[in-house]
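This report walks through one protein model, beginning with its overall layout and ending with the charged side chains. Please keep the sequence and the structure in view while reading.

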Amino acid sequence: MTTFDYSAGAGLYPCKTVRRTSRLRYKRFDSVAEALRFAIEDMPASMLRDSVLEVEEARYNGQQMQKLYEADAYPLPRRGR
């Protein structure tokens, strides 16, 4: 994987649930690292798969977000689930 800028701004689009019971909506973050922390640590795991992280003009799915979070270059401490 090439060098990834974890300090860039990011938008997180949580997946839409069938029952629409989730209160999670689009959220803007000052950094990709903060967006990944929220997606992996705070969102229900079932929502991650169909969520989308938008960084500049690139989009990342749940599996890609997980890999970015687990990468050695991830700058924030991980607290786990």
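Which pattern of helices and strands does the protein chain follow, read along the sequence? The model, which is a predicted one, follows the pattern β-β-α-α-β-β-α, and the chain has 3 helices and 4 strands.

**Overall figures**

Of the 81 residues of the protein chain, 40% count as buried. The accessible surface of the chain comes to about 5,600 Å², and carbon and sulfur atoms account for 46% of that surface. Among the contacts in the chain with a separation of 6 or more, 55% are between residues 24 or more positions apart.

**Strand β3 and its partners**

Strand β3, which covers residues 52-55, pairs with two strands, β1 and β4. With strand β1 (residues 10-13) the pairing is antiparallel and runs over 4 bridges, and within it Gly 11 has Glu 54 of β3 as its bridge partner. With strand β4 (residues 58-60) the pairing is again in the antiparallel sense, over 3 bridges, and here Leu 53 stands opposite Tyr 60. The hairpin formed by β3 and β4 has 2 residues between the strands, and in this hairpin Glu 56 takes a positive phi near 50°.

Where do the side chains of β3 point, and which of them are buried? Leu 53 and Val 55 point to one face and are buried, whereas Val 52 and Glu 54 point to the other face and are not buried. In a regular strand, side chains alternate between the two faces of the sheet, and the side chains along β3 do alternate. Glu 54 counts as partly exposed because its relative accessible area is 22%, a value that lies between the 20% limit for buried and the 50% limit for exposed residues. The side chain of Glu 54 also meets that of Arg 59 in a salt bridge, with an N to O distance of 3.1 Å, and Arg 59 is exposed at a relative accessible area of 52%.

**Charged side chains**

The count of salt bridges comes to 4, and the table lists some of them, including the pair just described.

| Side chains | N to O distance |
|---|---|
| Asp 42 and Arg 79 | 2.1 Å |
| Glu 54 and Arg 59 | 3.1 Å |
| Asp 50 and Arg 49 | 3.7 Å |

The side chains of Asp 42 and Arg 79 meet in a salt bridge, and this pair links distant parts of the chain, with Asp 42 in helix α1 and Arg 79 in the segment after α3 (62-70), 37 residues apart. Asp 42 is partly exposed at 44% relative accessibility, while Arg 79 is exposed, with a relative accessible area of 56%. For the pair of Asp 50 and Arg 49, Asp 50 is partly exposed with a relative accessible area of 47%, and Arg 49 counts as exposed at 65%.

Is Glu 41 buried or exposed? Glu 41, which has its place in helix α1 (residues 32-42), is buried, because its relative accessible area is 11% and buried means under 20%. The side chain of Glu 41 is joined to that of Tyr 69 by a polar contact of 2.5 Å. Glu 41 also belongs, with Asp 42 and Arg 79, to a network of salt bridges, so that network includes a residue that is buried as well as Arg 79, which is exposed.

Note on methods: Residues are numbered from 1 along each chain as its sequence is written. This is a predicted model: local features need pLDDT of at least 70, side-chain atom pairs count only at pLDDT 80 or more; totals for chains, interfaces and linings use all residues. Side-chain values use heavy atoms; hydrogens and water are left out. Buried means under 20% relative accessible area, exposed over 50%, partly exposed in between (1.4 Å probe, protein chains only). Contact means heavy atoms within 4.5 Å. Accessible areas come from the Shrake-Rupley method with a 1.4 Å probe; for residues, only the protein chains shown count as cover. Two strands pair if DSSP finds at least two bridges between them. A polar contact is a pair of N or O atoms within 3.5 Å; within protein, one must be able to donate a hydrogen and the other to accept it, and residues adjacent in sequence count only if both atoms are side-chain atoms.
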